[in-house]
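Subject: Structure for you to look at

Hi,

Here is the structure I promised to pass on. Have it open while you read, and my notes follow below.

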Amino acid sequence: MAEPTRRAMGLAGLTAVALARPGAAQAAAPPFRRGVGVYHIAGSGDRLHPDGTYVTPFFSARRQQMRNAEMRALSAAGFDFVRLLVAPDLPMRTQGPDHSQLFAALTAVVSRFRAARLKVVIDVHSGGTLPGFADKDFLADPASPLFARYTAAIGELAGWLARFGPGVALEPFNEPPSYGAADTAKWAAMQRTLHDAARRAAPQLPLILTGGQGGGRLGLLALDASGYRGSNVLWSFHYYDPSVFTHQGSGGHYANLHDVPWPEQASDVVALVAQAAGGALTGGPRPVGPDLAKYALSGAGPADVQRDFDQVAAWATANGVSPDRIFLGEFGVSRSYGAFHGASEADRLQWLTTVRTAAERAGFGWSLWSYSGPAGMTLANEYPAVTLDGATLRALGLRG
């Protein structure tokens, strides 16, 4: 990031004017208990001119809009926070007036959520929206100029966000794509760099950290949290097990898969295996038949969810982490509604209820994936959103 010192100074002046409580002291670990991911506003980058600069004003496209009434509806349903996705290329690639306008737009969005009585987690969430700005690019080399720019952006975001006072948090990286012992160790070192950059800018801001291996349960279990004692940190994991059930019909590998049952029922899955063998279920880089065959033998059900959450709880105890500092940052199932054909409604709701109650029994906060967008794993019934799915809200223990 070019000229971070001058830019940060300019940003400080901007936010001091724009925020109602500049420089307010940050409370220790504000509770983030019941949340939902919001990715359609700033989570997928923004519109670009042919020369690669951003179209302003930021977040002004129709697909990026979220009315105040929508925010209030989430609060009225019983959510207490949103996990607001922000694409990392936005703060990394803007300069000068565009950079100031970007943070003014982000400030306005966060302020509107806070006015609706919703806390905000800023999730820096790369989806590979632009060449050279995908997860694998950021984490390829801890000594690279690109990672240095990413680190500077995290520091700047932390300093900006801390000025809101209590009720906000920063998640420096979503789902790090690290696999294997060597990559897990590399990710742990890089996460420490990101943490320290945020801490220098915002000593008390709550930070949400995660393990490698895609940010899932196994990555968290492999992580040593002892080096973060004394820092205001929450620990995140994402849960989509079994993926052949949760991601059916959602695009990519499982795009043409639907009606996979949960809990697993061998007789029903065997029929799907036969369809896959006959070529009726295709899509993605590999055939789905082997995944279905493995699932048919798994006996997956509520006991597996409880076992997995018990493992996370045991990790927390072993690492001296209070249960209320464990953050189930994403979970969800593809719906069957409108143009989408995913899980059966009864099975989807049973899985959501099972996962949500397992998290709450353990004392973990949670965040559903997601609120609204052009995909089947959403709480809203439309895109742009108009109504919320009452059955999903009830499965979450909220007001449906």
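Are Phe 103 and Trp 160 buried or exposed? Both of them are buried. Before I go on, please keep in mind that this is a predicted model.

Back to that pair, which is one of 23 aromatic pairs that turn up in a search of the whole structure. The ring centres of Phe 103 and Trp 160 are 5.6 Å apart and the planes sit at 75°, so this is an edge-to-face pair. It also ties together distant parts of the chain: Phe 103 belongs to helix H4 (residues 96-115) and Trp 160 to helix H6, with the two positions 57 residues apart. Trp 160 has a second partner in Phe 164, again edge-to-face, with 5.6 Å from centre to centre and 90° between the planes. Why do we call Trp 160 buried? Its relative accessible area is 0%, and the cut-off for buried is under 20%. Phe 164 counts as buried as well, at 10% relative accessibility.

Now the overall picture. The protein chain has 14 helices and eight strands, and 54% of its 400 residues are buried. If you take contacts between residues at least 6 apart in sequence, 77% of them join residues at least 24 apart. The accessible surface is about 15600 Å², and carbon and sulfur atoms account for 57% of that.

On to the interior. Nonpolar side chains in soluble globular proteins tend to be buried together. Here the largest nonpolar core takes in 105 residues, and Phe 59, Phe 79, Phe 113, Leu 170, Trp 235 and Phe 309 have the most contacts inside it. Helix H6 (residues 145-162) is the biggest contributor, giving 10 residues. There is another core apart from this one, made of seven residues, including Phe 81, Ala 169, Leu 234 and Phe 327.

Phe 79 is a good residue to click on. Beyond its neighbours up to four places away in sequence, Phe 79 touches Arg 34, Gly 35, Val 36, Leu 74, Leu 118, Trp 366, Leu 379, Leu 393, Leu 396 and Leu 398. Phe 79 also belongs to a cluster linked by ring pairs, together with Phe 237, Tyr 239, Phe 309, Phe 331, Trp 351, Phe 364 and Trp 366.

Two arginines have their charged ends over tyrosine rings: Arg 192 over Tyr 228, 4.4 Å from the ring centre, and Arg 335 over Tyr 337, at 3.9 Å.

Which residues of helix H11 (residues 289-296) are buried? They are Gly 289, Asp 291, Leu 292, Tyr 295 and Ala 296. Looking down the axis of H11, these buried residues fall within an arc of 160°, so they line one face of the helix. Pro 290 and Lys 294, on the other side of H11, are exposed.

One last spot is Ser 372, in the loop between strand S8 (365-368) and helix H14 (390-395). Although it sits in a loop, Ser 372 counts as buried, with 1% relative accessibility. Setting aside neighbours within four places in sequence, Ser 372 is in contact with Tyr 39, His 40, Thr 378, Ala 380, Glu 382, Tyr 383 and Ala 385.

Cheers

Methods. Residues are numbered from 1 along each chain as its sequence is written. This is a predicted model: local features need pLDDT of at least 70, side-chain atom pairs count only at pLDDT 80 or more; totals for chains, interfaces and linings use all residues. Side-chain values use heavy atoms; hydrogens and water are left out. A nonpolar core is a set of buried Ala, Val, Leu, Ile, Met, Phe, Trp, Tyr and Cys residues joined through side-chain atoms within 4.5 Å. Buried means under 20% relative accessible area, exposed over 50%, partly exposed in between (1.4 Å probe, protein chains only). Helices (H or I, at least four residues) and strands (E, at least two) are DSSP runs, numbered from the N terminus. Contact means heavy atoms within 4.5 Å. Rings of Phe, Tyr and Trp (its six-membered ring) pair if their centres lie within 6.5 Å; planes under 30 degrees apart count as stacked, over 60 as edge-to-face and the rest as tilted. A charge sits over a ring if NZ of Lys or CZ of Arg is within 6 Å of the ring centre and within 35 degrees of the ring normal. Accessible areas come from the Shrake-Rupley method with a 1.4 Å probe; for residues, only the protein chains shown count as cover. The arc is that of the directions from the helix axis to the C-beta atoms.
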